[in-house]
Amino acid sequence: MTTPQYRVAIVGAGPSGFYAAEALLRAQKDVAVDLFERLPVPYGLVRFGVAPDHPKLKQVTAVFDRIAAMPGFRFVGGVDVGTDISIAALRRAYHAVVLATGASLGREIGLQGEKLAGNRQASDFVGWYNGHPDHRDLTFDFSGERAVIIGHGNVALDVARILLKTLDELRQTDIAAHALEALAESRVRDVHLIGRRGPSETRFSAKELGEFDTLTACDPGVDPSDLPADAFSHGDGFDIERKASLDLLERFSRRVATKERRCLFRFHLEPVCFEGGEGVQSAVFRRNCVEGAAEECIRIDTKLVFLSVGRRTSPIEGIAYDGSRGVHANRGGRLMVHDRIDHGLYTCGWSKRGPQGTIGTNRACALDTVEKILVDLDSLPSPEPGATDRLVSSIGRRHGVPLDFDAWRIIDSAEVARGCVNGKPREKFVSVDDMVATARERGIAC
């Protein structure tokens, strides 16, 4: 086997990481790619961000599997870059390093009472019900009948839908067992989904919004007191998607509630503060739909609030951070240091542009970054001979088994078998130790 002319490390095995690997391996250069992932399992957002009741969106993993089978690809799981190994160590072993680390942290809004118990990030809830090891031990207070979600995007819809679906609707998905058990005891029957702007300015997709028309035990509705007379008018330049979402919301506004649960879409409410003692007891909003009118405060009693107002990239030791945008500081995918390009370091996906677009949007973003890498490759310093393989071998010895793509296939098969017992597509391992133990028991130790 010949040694490749160029070696590139990609950090993060979500969609943008896989798409960047594909673009590099298809380029007319002799490139090998190592895809590093903090967990023993790949797919990132697809595994831990896509809602369990949206299985079709997860079918994109078949594309990633084909990428993993390409010559020159290697998956290296179970290594936290920035903690287990440094960026500097990666740079010594590769011509180029690409950060595709996503946006794992929820954004805060900086209001009084935001830290009260019961105020939670939507991203934490999503990780919890999807079985992310970082979130498996979280607890949520479902003892009240009302929950408040602040944010008008698709993640907010996911959170509302999971809270309001019946157990029968959830039990045949790949929702984590601990989440299904907790939600079975939930008393939440009323969800207020709140945004600062009007119906025409939401970021809902029509397809996801339309799912609320089909829920077994939940009616969608709109509070008429939040709306001006022209709230559902189609403005100039509205695309088909926005018109469809607006039409759905108008239909929800006329719907008569007959079911035991309700999702109430609310508009033109600006969050002011959160009130309570040890835990949140109410969320306070200011109505903003009539310019120049006297301020009107709206108080909603609740024990459970989810913030769904955006996400940001987790900083990495040794990498400059753009705090205003919540991404690695970059110029078109090339990372920056002291306002200058740091040659050999790159980023793509949400850690490059922020949490925008669909899973497929990451392909174009990755291609854009890879184009810059290919331009730079010949001018980048070469690693010491053998440095790459020594680094990867040392990572495998840390766990007693190489957490490569073969190990993932073993974990995958075990999860599917576990799910089959309960009529689920899979039962995820929610512990890194359990993932590693499964790979070690059935795999080949180092």
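Which residues touch the most other members of the largest nonpolar core? In this predicted model, they are Ile-10, Phe-18, Leu-24, Phe-64 and Phe-73, out of 50 residues in that core. The points below cover the cores, an open sheet of seven strands and the cysteines.

**Nonpolar cores**
- Helix H1, residues 15–26, gives the most to the largest core, with seven residues.
- Beyond its neighbours within four places in sequence, Phe-18 is in contact with Ala-13, Leu-35, Pro-42, Tyr-43, Phe-64, Ile-67, Ala-68, Phe-73 and Phe-405.
- A second core, separate from this one, has 47 residues, including Phe-125, Phe-142, Leu-163 and Val-191.
- In soluble globular proteins, nonpolar side chains tend to be buried together.

**Sheet**
- The strand order of the open sheet is E3-E2-E1-E4-E20-E19-E18, and the pairing is mixed.
- Strands E3 (73–77) and E18 (330–331) form the edges, each pairing on one side only.
- Strands E1 (residues 6–11) and E2 (residues 31–37) run parallel and are joined by six bridges.
- Within this pair, Ala-9 stands opposite Asp-34 in E2.
- Helix H12 (residues 361–376) packs on the sheet, where it touches strands E4 (96–99), E19 (334–337) and E20 (340–347).
- The direction of H12 makes about 120 degrees with that of E20.

**Cysteines**
- The structure has zero disulfides.
- For Cys-218, the nearest cysteine sulfur is that of Cys-263, 5.7 Å away; a disulfide requires sulfur atoms within 2.5 Å.
- Cys-218 counts as buried because its relative accessibility is 0%.
- Cys-420 counts as exposed because its relative accessibility is 59%.

Notes: Residues numbered from 1 in each chain as written. Predicted model: local features only at pLDDT ≥ 70, side-chain atom pairs only at ≥ 80, totals over all residues. Heavy atoms only, no water. Pairing = 2+ DSSP bridges. Helix = DSSP H or I, 4+ residues; strand = E, 2+ residues; numbered from the N terminus. Contact = heavy atoms within 4.5 Å. Axes fitted to C-alpha atoms, helices over the stretch in contact; angles between N-to-C directions. Core = buried A, V, L, I, M, F, W, Y, C linked by side-chain atoms within 4.5 Å. Buried < 20%, exposed > 50% of the residue type's maximum accessible area, 1.4 Å probe, protein only.
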